[in-house]
Amino acid sequence: MSAREVGVAIVGGGLMGREIAAAIQRWPALIDHPVRPRLRAVCDIDPAALEWFDQIESVTQTTTDYHDLLANPDVDVVYVAVRHDLHEQIYTDVIRAGKDLLAEKPFGIDRAAAKAILSTLAEHPESFVRCSSEMPFFPAAQRAIDYVRSGAPGRIIEVRSAFLHSSDLDPGKPVNWKRQAKFCGQAGVMNDLGLHAWHVPLRLGWEPETLTAVLQDLVPTRPGPDGDPVVCDTWENATVHGWVPDAAGGFPLTVETKRIAPGCKNTWVFEVIGMDGGVRFSTANPKRYEVFGLVDVPGTGREQSWQAVEAGSQSVWPTVTGGIFEAGFSDAILQMWAAFLAERAGALGDRFGTATPAEAARTHELYAAAAEAHETGRRVQPAAV
Ligand SMILES: NC(=O)c1ccc[n+]([C@@H]2O[C@H](COP(=O)([O-])OP(=O)(O)OC[C@H]3O[C@@H](n4cnc5c(N)ncnc54)[C@H](O)[C@@H]3O)[C@@H](O)[C@H]2O)c1
């Protein structure tokens, strides 16, 4: 299949802008994808942030004013990763410029901003717009969603979807825009992490008819740039309990978004419990999902059981990575090559290195000794290389 080229631009070359630029460079990993993205333009108001993108050969335009890349005829799709208070203006400008948009969550700083973006989109239905939410694309998450869609849970008893972070546990962590309502939004952690937790419930059609919530502001100030305390007026943790009507009578849906969930790194947990079956998945154990059911245990009889299923590497779009490999395999390959070429350049330092020729050759002595031990039934001392 010949892939059509799509010109991509990034507005906001920070944490997420760089991540998406790097992802696009891995595109050949996808099998028979209909398009081939080329990162052509990048905008950041900070010229220093633009320097990183110089290493990407396809980038022909860097600018500190995003209007420049909206005027670029070689740009078809714009990914915008900026502070929440800037979403409405930039998203609506992208749509009005006739470009397609992959927005970042929370899709505007509040509901007024989201409505303004929607109404601009209604005026420009030709613009294709979606919002970033990557967690459901873990292969095991897809299997969990497939399980729910199959109807296997039966009558749903309850659902939990939680996005749990803990990088804010340290009260000495300096304040940043994500911890101030004027930049992040009054919804605080729900703005920051909410779509990660709500995407799959909403996609499965689970709209709460009513809800209650408990919100916590756990850290009211944080050190500013000069060390003085700065007001940190966003909710750190939020737990929403909703009631979702369905044909069987309805069920409670609990959606948690927490910046202070000790022990959790950046974890999405999804659990659906039903009368006939259940499924659960956590990005903390990304290759595994668990299904619940009744099993016949030999010698015991019928028992309730959670069973672990290991998912392979394949998610929504097929990749060259073998299905027998696990999620994260490609990242490990990238790191191994980084170590190999860094060591070759004398720049690995004390980092973990790729296997040496002596280590690789040593394994053959071990295999030979193992074969001899098997054949002779004796303990064998492996020979030196
Ligand atoms: N999908 C995810 O997993 C995920 C993770 C983190 C953040 N986000 C979202 O991504 C967005 C950006 O977050 P981030 O962590 O990358 O922020 P960041 O602070 O690391 O980067 C934002 C960048 O935008 C630049 N910028 C500010 N104003 C600009 C303007 N007018 N024009 C162009 N550039 C401008 C800043 O200089 C900075 O480099 C937010 O909406 C956030 O919620 C998503």
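# Reading sheets, helices and a ligand shell

Student: Which residue in β14 is the bridge partner of Ile 273?
Tutor: In β14, Gly 278 is the bridge partner of Ile 273. Two strands are taken to pair if DSSP finds at least two bridges between them, and the strands themselves are DSSP runs of E with at least two residues, just as helices are runs of H or I with at least four, numbered from the N terminus. In this case β13 and strand β14 (residues 278-282) pair in the antiparallel sense over 5 bridges, and with 3 residues between them they form a hairpin.

Student: What should I keep in mind about the model and its numbering?
Tutor: The model is predicted, so local features need pLDDT of at least 70 and side-chain atom pairs count only at pLDDT 80 or more, while totals for chains, interfaces and linings use all residues. Residues are numbered from 1 along each chain as its sequence is written.

Student: What other strand pairs with β13, and over how many bridges?
Tutor: Strand β7 (residues 156-165) pairs with strand β13 (residues 266-274) over 9 bridges in the antiparallel sense, and within this pair His 165 stands opposite Asn 266 in β13.

Student: In what order do the strands of this sheet run?
Tutor: The sheet is open and has 8 strands, in the order β8-β11-β12-β7-β13-β14-β15-β16, with mixed pairing. Its edges are β8 and β16 (301-310), each of which has a single partner strand, so one side of each is left without a neighbour in the sheet. From one strand to the next the twist averages 15°, where axes are lines fitted to C-alpha atoms (for helices, over the stretch in contact) and angles run from 0 to 180 degrees between N-to-C directions.

Student: How is the edge strand β8 joined to β11?
Tutor: Strand β8 and strand β11 (residues 237-244) run antiparallel and are joined by 7 bridges, with Gln 216 standing opposite Asn 237 in β11. To read its cover, count C-beta atoms placed from the backbone: a residue is buried if 20 or more others lie within 10 Å of its own, exposed if 12 or fewer, and partly exposed in between. By that count strand β8 (residues 210-216) is hardly covered, as 0 of its 7 residues are buried.

Student: What is the pairing in the sheet that contains β1?
Tutor: That open sheet has 6 strands in the order β3-β2-β1-β4-β5-β6, and the pairing is parallel. Here β3 (61-63) and β6 (129-131) stand at the edges with a single partner strand each, so one side of each has no neighbour in the sheet. On average, neighbouring strands of this sheet are turned by 25° against each other, direction ignored. Strand β2 (residues 35-43) runs parallel to β3 and is joined to it by 3 bridges, and Cys 43 stands opposite Thr 63 in β3.

Student: Why does the span of helix α10 agree with what is expected?
Tutor: The expected span of a helix is 1.5 Å times one less than its number of residues. For helix α10 (residues 357-376), with 20 residues, this should give 28 Å, and the end C-alpha atoms are 29 Å apart, which agrees. The helix is hardly covered, the count of buried residues among its 20 residues being 0, and just after α10 Gly 377 takes a positive phi of about 75°.

Student: Is Lys 115 buried or exposed?
Tutor: Lys 115 is exposed, because 12 other C-beta atoms lie within 10 Å. This residue lies in helix α5 (residues 111-123), and its C-alpha atom is separated by 9.3 Å from that of Glu 88, 27 residues apart along the chain.

Student: Which residues come nearest to the ligand?
Tutor: A residue is near a molecule if its C-beta atom, placed from the backbone, lies within 6 Å of it. Of the 23 residues around the ligand, Gly 12, Gly 14, Leu 15, Met 16 and Glu 104 come nearest, and helix α1 (residues 15-25) gives the most to this shell, with 3 residues.

Student: How is the whole protein divided into domains?
Tutor: Domain bounds come from an automatic or database domain assignment, which here gives domain 1 (4-131), domain 2 (135-310) and domain 3 (330-376). The centres of domain 2 and domain 3, taken over C-alpha atoms, are separated by 39 Å. The secondary structure comes to 10 helices and 16 strands, and buried residues make up 29% of the 385 residues.
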